[in-house]
Amino acid sequence: MAPLIALVAGFAVARLTGLLGIGALDAWQPALRVGLAVMFVVTAGAHFVPKLRADLVAMVPPGLPRPELLVTVTGVLELAGAVGLLIPATAPWAAVALALLMVAMFPANVSAARRGVPFDGRPATPLVPRTIEQIFFVALAVAAALP
(Lines give C-alpha, C1' and ligand atoms only; values in the text may rest on other atoms or scores of the structure.)
Protein backbone atom coordinates (compact mmCIF):
# COMPACT_ATOMS: atom_id res chain seq x y z
CA MET A 1 0.00 0.00 0.00
CA ALA A 2 2.91 2.38 0.73
CA PRO A 3 4.05 2.42 -2.92
CA LEU A 4 0.56 3.35 -4.11
CA ILE A 5 0.26 6.10 -1.50
CA ALA A 6 3.69 7.46 -2.45
CA LEU A 7 2.75 7.42 -6.14
CA VAL A 8 -0.57 9.20 -5.64
CA ALA A 9 0.85 11.76 -3.18
CA GLY A 10 3.87 12.48 -5.39
CA PHE A 11 1.66 12.88 -8.45
CA ALA A 12 -0.83 15.13 -6.63
CA VAL A 13 1.85 17.43 -5.19
CA ALA A 14 3.65 17.67 -8.54
CA ARG A 15 0.43 18.35 -10.43
CA LEU A 16 -0.67 21.01 -7.94
CA THR A 17 2.77 22.59 -8.19
CA GLY A 18 2.34 22.69 -11.96
CA LEU A 19 -1.08 24.26 -11.65
CA LEU A 20 0.42 26.91 -9.37
CA GLY A 21 2.81 28.02 -12.07
CA ILE A 22 5.80 25.68 -12.25
CA GLY A 23 5.80 25.13 -16.01
CA ALA A 24 7.88 21.94 -15.96
CA LEU A 25 5.13 20.20 -13.98
CA ASP A 26 2.14 21.75 -15.70
CA ALA A 27 1.00 18.55 -17.43
CA TRP A 28 -0.05 15.08 -16.32
CA GLN A 29 3.01 13.25 -17.68
CA PRO A 30 5.74 15.18 -15.82
CA ALA A 31 3.62 14.92 -12.66
CA LEU A 32 3.26 11.17 -13.25
CA ARG A 33 7.03 10.87 -13.59
CA VAL A 34 7.46 12.64 -10.25
CA GLY A 35 4.87 10.35 -8.64
CA LEU A 36 6.63 7.28 -10.00
CA ALA A 37 9.99 8.63 -8.85
CA VAL A 38 8.65 9.10 -5.31
CA MET A 39 7.20 5.58 -5.40
CA PHE A 40 10.50 4.06 -6.51
CA VAL A 41 12.48 5.96 -3.86
CA VAL A 42 10.10 4.49 -1.25
CA THR A 43 10.33 0.96 -2.66
CA ALA A 44 14.10 1.20 -3.11
CA GLY A 45 14.46 2.32 0.49
CA ALA A 46 13.00 -0.98 1.64
CA HIS A 47 15.96 -2.72 -0.01
CA PHE A 48 18.32 -1.11 2.49
CA VAL A 49 16.33 -0.97 5.78
CA PRO A 50 17.51 -4.11 7.62
CA LYS A 51 14.13 -5.61 8.62
CA LEU A 52 12.45 -4.84 5.31
CA ARG A 53 15.54 -6.02 3.46
CA ALA A 54 15.30 -9.39 5.20
CA ASP A 55 11.68 -9.67 4.06
CA LEU A 56 12.67 -8.83 0.47
CA VAL A 57 15.48 -11.38 0.56
CA ALA A 58 12.93 -13.98 1.70
CA MET A 59 10.75 -13.07 -1.30
CA VAL A 60 13.45 -14.04 -3.81
CA PRO A 61 12.51 -17.39 -5.38
CA PRO A 62 14.56 -20.20 -3.79
CA GLY A 63 16.13 -21.23 -7.11
CA LEU A 64 17.85 -17.89 -7.69
CA PRO A 65 21.45 -17.44 -6.52
CA ARG A 66 22.66 -14.76 -4.10
CA PRO A 67 19.34 -13.28 -2.98
CA GLU A 68 21.03 -10.54 -0.93
CA LEU A 69 22.92 -9.35 -4.01
CA LEU A 70 19.74 -9.45 -6.11
CA VAL A 71 17.92 -7.30 -3.55
CA THR A 72 20.79 -4.80 -3.49
CA VAL A 73 20.99 -4.61 -7.28
CA THR A 74 17.24 -4.14 -7.70
CA GLY A 75 17.24 -1.43 -5.03
CA VAL A 76 20.06 0.44 -6.78
CA LEU A 77 18.27 0.08 -10.13
CA GLU A 78 15.07 1.47 -8.61
CA LEU A 79 16.95 4.48 -7.24
CA ALA A 80 18.72 5.07 -10.56
CA GLY A 81 15.41 4.81 -12.39
CA ALA A 82 13.80 7.30 -9.99
CA VAL A 83 16.55 9.82 -10.71
CA GLY A 84 16.25 9.13 -14.43
CA LEU A 85 12.51 9.87 -14.31
CA LEU A 86 13.26 13.39 -13.06
CA ILE A 87 15.61 14.29 -15.92
CA PRO A 88 13.58 15.17 -19.02
CA ALA A 89 16.18 13.78 -21.46
CA THR A 90 16.31 10.39 -19.73
CA ALA A 91 12.76 10.14 -18.39
CA PRO A 92 11.29 8.03 -21.24
CA TRP A 93 14.21 5.59 -21.10
CA ALA A 94 14.06 5.39 -17.31
CA ALA A 95 10.31 4.74 -17.43
CA VAL A 96 10.78 1.88 -19.92
CA ALA A 97 13.64 0.45 -17.86
CA LEU A 98 11.54 0.57 -14.69
CA ALA A 99 8.60 -1.10 -16.46
CA LEU A 100 10.94 -3.89 -17.57
CA LEU A 101 12.41 -4.14 -14.07
CA MET A 102 8.93 -4.55 -12.59
CA VAL A 103 8.17 -7.30 -15.11
CA ALA A 104 11.48 -9.01 -14.31
CA MET A 105 10.83 -8.83 -10.56
CA PHE A 106 7.24 -10.05 -10.79
CA PRO A 107 8.19 -13.75 -10.44
CA ALA A 108 9.51 -12.91 -6.96
CA ASN A 109 6.09 -11.45 -6.11
CA VAL A 110 4.39 -14.60 -7.42
CA SER A 111 6.78 -16.79 -5.45
CA ALA A 112 6.25 -14.76 -2.28
CA ALA A 113 2.47 -14.90 -2.64
CA ARG A 114 2.48 -18.66 -3.23
CA ARG A 115 4.86 -19.31 -0.32
CA GLY A 116 2.99 -16.90 1.98
CA VAL A 117 6.06 -14.75 2.66
CA PRO A 118 5.04 -11.86 4.97
CA PHE A 119 6.28 -8.32 4.47
CA ASP A 120 6.82 -5.86 7.31
CA GLY A 121 4.94 -8.09 9.73
CA ARG A 122 1.86 -8.29 7.52
CA PRO A 123 0.65 -11.42 5.75
CA ALA A 124 1.61 -11.95 2.13
CA THR A 125 -0.55 -10.09 -0.36
CA PRO A 126 -2.66 -12.60 -2.31
CA LEU A 127 -1.62 -13.18 -5.90
CA VAL A 128 -4.63 -11.61 -7.67
CA PRO A 129 -4.48 -8.18 -5.94
CA ARG A 130 -0.69 -8.22 -6.25
CA THR A 131 -0.96 -8.94 -9.98
CA ILE A 132 -3.52 -6.18 -10.54
CA GLU A 133 -1.35 -3.69 -8.68
CA GLN A 134 1.73 -4.70 -10.68
CA ILE A 135 -0.13 -4.34 -13.99
CA PHE A 136 -1.27 -0.87 -12.88
CA PHE A 137 2.29 0.21 -11.98
CA VAL A 138 3.73 -1.15 -15.25
CA ALA A 139 0.99 0.61 -17.24
CA LEU A 140 1.79 3.91 -15.51
CA ALA A 141 5.50 3.48 -16.24
CA VAL A 142 4.67 2.87 -19.90
CA ALA A 143 2.46 5.98 -19.91
CA ALA A 144 5.33 7.96 -18.40
CA ALA A 145 7.55 6.82 -21.28
CA LEU A 146 5.24 8.04 -24.04
CA PRO A 147 6.40 11.05 -26.06
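In this predicted model, helix 1 and helix 6 run roughly parallel to each other, because their packing angle of about 30° falls in the class of angles under 35 degrees. Helix 1 covers residues 2–19 and helix 6 covers residues 127–145, and their axes lie 12 Å apart. The crossing of helix 1 past helix 6 is left-handed. On the side of helix 1, the contact draws on Pro-3, Leu-4 and Leu-7, while helix 6 contributes Glu-133, Phe-136, Phe-137 and Leu-140. By residue class, this contact comprises 6 nonpolar residues, no polar ones and 1 charged.

Two of the contact residues of helix 6, Phe-136 and Phe-137, turn up again in the search for aromatic pairs. That search, run over the whole structure, returns 1 pair. The pair is formed by Phe-136 and Phe-137, with 6.0 Å between the ring centres and 45° between the planes, a tilted arrangement. The two partners can be set side by side in terms of accessibility: Phe-136 is partly exposed at 41% relative accessibility, whereas Phe-137 is buried, with a relative accessible area of 5%.

Helix 6 also carries Gln-134, and here the view shifts towards helix 5. Gln-134 is buried, its relative accessible area being 13%. Leaving aside residues up to four places away in sequence, Gln-134 touches Met-102, Phe-106 and Asn-109. Asn-109 belongs to helix 5 and is likewise classed as buried, at 14% relative accessibility. With the same sequence neighbours set aside, the contacts of Asn-109 are Met-59, Arg-130 and Gln-134. Gln-134 of helix 6 and Asn-109 of helix 5 are thus contact partners of each other.

Met-59, touched by Asn-109, leads on to helix 3. This helix spans residues 50–59, and its buried residues are Leu-52, Asp-55, Leu-56, Val-57 and Met-59. The cover over these buried residues includes helix 2 (28–46), helix 4 (67–85), helix 5 (91–115) and helix 6.

Two of the helices that cover helix 3, helix 4 and helix 5, also pack against each other. Their axes come within 8 Å and cross at roughly 155°. Since angles over 145 degrees fall in the antiparallel class, helix 4 is roughly antiparallel to helix 5. As with helix 1 and helix 6, the crossing of helix 4 and helix 5 is left-handed. Helix 4 brings Thr-74, Leu-77, Glu-78, Gly-81, Ala-82, Gly-84 and Leu-85 to the contact, where they meet Ala-91, Ala-94, Ala-95, Leu-98, Leu-101 and Met-105 of helix 5. These residues divide into 9 nonpolar, 3 polar and 1 charged.

Leu-77 of helix 4 also serves as a reference point for Ala-139, a residue of helix 6. Although 62 residues separate Ala-139 and Leu-77 in sequence, their C-alpha atoms are 19 Å apart in space. Ala-139 is partly exposed, with a relative accessible area of 44%. A second separation of this kind concerns Arg-15 of helix 1: the C-alpha atoms of Arg-15 and Ala-89 are 20 Å apart, with their positions 74 residues apart along the chain. Arg-15 is partly exposed as well, at a relative accessible area of 23%. Its contacts, again without residues up to four places away in sequence, are Leu-25, Asp-26, Ala-27, Trp-28 and Ala-31. Of these, Trp-28 and Ala-31 fall within helix 2 (28–46).

Finally, the loops offer two backbone details worth a look. Most residues other than glycine have a negative phi. Arg-66, which is not a glycine, nevertheless has a positive phi of about 50°. Arg-66 sits in the loop between helix 3 and helix 4 and is exposed, with a relative accessible area of 58%. The other case is Asp-120, also not a glycine, with a positive phi of about 55°. Asp-120 lies in the loop between helix 5 and helix 6, and at 34% relative accessibility this residue counts as partly exposed.

Notes
Residues are numbered from 1 along each chain as its sequence is written. This is a predicted model: local features need pLDDT of at least 70, side-chain atom pairs count only at pLDDT 80 or more; totals for chains, interfaces and linings use all residues. Side-chain values use heavy atoms; hydrogens and water are left out. Axes are lines fitted to C-alpha atoms, for helices over the stretch in contact, and angles run from 0 to 180 degrees between N-to-C directions. Helices (H or I, at least four residues) and strands (E, at least two) are DSSP runs, numbered from the N terminus. A crossing is left-handed if the near helix is turned anticlockwise from the far one by less than a right angle, and right-handed if clockwise. Contact means heavy atoms within 4.5 Å. Ala, Val, Leu, Ile, Met, Phe, Trp, Tyr, Cys and Pro count as nonpolar, Asp, Glu, Lys and Arg as charged, and the others, Gly among them, as polar. Rings of Phe, Tyr and Trp (its six-membered ring) pair if their centres lie within 6.5 Å; planes under 30 degrees apart count as stacked, over 60 as edge-to-face and the rest as tilted. Buried means under 20% relative accessible area, exposed over 50%, partly exposed in between (1.4 Å probe, protein chains only). Angles under 35 degrees count as roughly parallel, over 145 as roughly antiparallel, 65 to 115 as roughly perpendicular and the rest as oblique.
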